[in-house]
Amino acid sequence: MLETVLRQGVLGEDDTEEESPKNLKLPSRQPSIVCENCLYSKEKDRRARAFHIMDPKGVLEMLLIFVEDRGDDVLLHPSLDSAMESNERIIPFLGNWKGHSITKRSGVYGATVDEADTVALLEMDDRGHLIQDINSTSSGRDVTTNVHWTGTLSDNLVTFDGGYQMTLLPGGMYVGCPCDIAKNVAESKSFHLEFCWLDSPGKRQRLIRTYDVDGLAVSSTYFSEVKL
């Protein structure tokens, strides 16, 4: 989907005469979830916005990515660098990452703010299997939690055991979501949607939004990490 640029321009331009691209797929009229994540570059006056659109059955239907620059001068259109082969897009994310996270919970479950130090490892073994370990130590409480996942890579899609998937995109980005949200809801499990952006070499930002079984957004967690 993202191999082709559907439109380039400056937001606010008059595009009423513009024709829709051929074979453009439109999302369902009644999607189960539409989630926007927005991250700002720490190096440039630029932001990246990602939209998860889940179909009425809770399966990922469409991803929309916007990369936008701000300024009053003549702007060069930001580019989603797609020179890297789709199955090689995992390479920049491999290795050890260390950083800090801030979680803000909504008033539905008590408006609280928690911070934690994080260490994340993503590696590929000799058989081509992916192994991910994430350790998070809460600030002030010295409580560490660990998440261990194993998965496989097929083209630009990573599928982890337990029903979670990551779609690797051009421009040093990936988005993550459950393979089947309806299954999570049926099993009374919460779920989360993730957007990650390598806005400069060796540095990344992640934003995770967590939902309860009723589809209510209950928390947002922001990560700022550097590669060791």
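**Entry 1: β11 and its partners**

I started with the pairing of β11 and β12 in this predicted model. Eight bridges join these two strands, and they run antiparallel. I followed one bridge by eye: His-192 has Thr-210 in β12 as its partner. Between β11 and β12 I found a hairpin with two residues in the gap. Gly-202 sits in that turn, and its phi is positive, about 80°.

Next I looked at the pairing of β11 with β10, which covers residues 173-178. Here I counted four bridges, and again the strands run antiparallel. Met-173 is the residue that stands opposite Trp-197 in β11.

How many of the 10 residues of β11 are buried? I found nine, so I noted the strand as mostly covered, a residue being buried when its relative accessible area is under 20%.

**Entry 2: Trp-197**

I picked Trp-197 in strand β11 for a longer look. Is Trp-197 buried or exposed? Its relative accessibility is 5%, and therefore I wrote it down as buried.

Then I checked how sequence and space compare for Trp-197 and Met-173. The two are 24 residues apart along the chain, yet their C-alpha atoms are 4.5 Å apart.

I also listed what Trp-197 touches, leaving aside neighbours within four places in sequence. From one stretch come Leu-39, Tyr-40 and Ser-41, and there are also Arg-46, Arg-47 and Ala-48. Gly-171, Gly-172 and Met-173 are on the list too, as are Lys-203, Arg-204 and Gln-205.

**Entry 3: Arg-206, a charged residue inside**

Arg-206 is in strand β12, residues 203-211. Buried or exposed, I asked of Arg-206? The relative accessibility is 3%, so Arg-206 counts as buried.

What does the side chain of Arg-206 make a polar contact with? I found the side chain of Glu-225, at 3.0 Å. Setting aside neighbours within four places in sequence, the contacts of Arg-206 include Glu-194, Phe-195 and Cys-196. Thr-221, Tyr-222, Phe-223 and Glu-225 are also in contact with Arg-206, and so are Leu-39 and Tyr-174.

**Entry 4: Two nonpolar cores**

A reminder to myself from the lectures: in soluble globular proteins, nonpolar side chains tend to be buried together.

I then looked at the largest nonpolar core, which has 15 residues. The members that touch the most others are Ile-90, Phe-93, Val-158, Met-166, Leu-168 and Tyr-174. Which elements give two or more residues to this core? I noted β5 (113-124), β6 (129-138), β8 (157-160), β9 (164-169) and β11 (191-200). β9 gives the largest share, three residues.

Apart from this core lies another, of 12 residues. Among its members are Met-173, Phe-195, Trp-197 and Leu-207, and I was pleased to meet Trp-197 again.

I zoomed in on Met-166 as well. Not counting residues up to four places away in sequence, Met-166 touches Asn-156, Leu-157, Val-158 and Phe-160. Tyr-174, Val-175 and Gly-176 are its other contacts.

**Entry 5: Leu-121 in β5**

Leu-121 lies in strand β5. Its relative accessible area is 22%, so I put Leu-121 down as partly exposed, buried being under 20%. Leu-121 and Ile-131 are 10 residues apart along the chain, and 7.8 Å separates their C-alpha atoms. Beyond residues up to four places away in sequence, Leu-121 touches Gly-95, Asn-96, Ile-131, Gln-132 and Asp-133.

**Entry 6: The open sheet of β1, β2 and β3**

I turned to a three-stranded open sheet, ordered β1-β2-β3 with antiparallel pairing. Its edge strands are β1 (33-40) and β3 (60-69), since each of these pairs on one side only. The twist averages 15° from one strand to the next.

β2 (residues 46-54) and β3 run antiparallel, and nine bridges join them. I checked one of Trp-197's contacts here: Arg-47 has Glu-68 in β3 as its bridge partner.

**Entry 7: Cysteines**

How many disulfides are in the whole structure? My search found zero. Why is there no bond for Cys-179? The closest cysteine sulfur is in Cys-177, 7.1 Å away, and that is too far for a bond; the cut-off is 2.5 Å.

I compared accessibility too. Cys-179 is partly exposed, with a relative accessible area of 26%, whereas Cys-196 is buried at 0%.

How values were computed. Residues numbered from 1 in each chain as written. Predicted model: local features only at pLDDT ≥ 70, side-chain atom pairs only at ≥ 80, totals over all residues. Heavy atoms only, no water. Core = buried A, V, L, I, M, F, W, Y, C linked by side-chain atoms within 4.5 Å. Buried < 20%, exposed > 50% of the residue type's maximum accessible area, 1.4 Å probe, protein only. Contact = heavy atoms within 4.5 Å. Axes fitted to C-alpha atoms, helices over the stretch in contact; angles between N-to-C directions. Polar contact = N/O pair within 3.5 Å; in protein donor to acceptor, adjacent residues only side chain to side chain.
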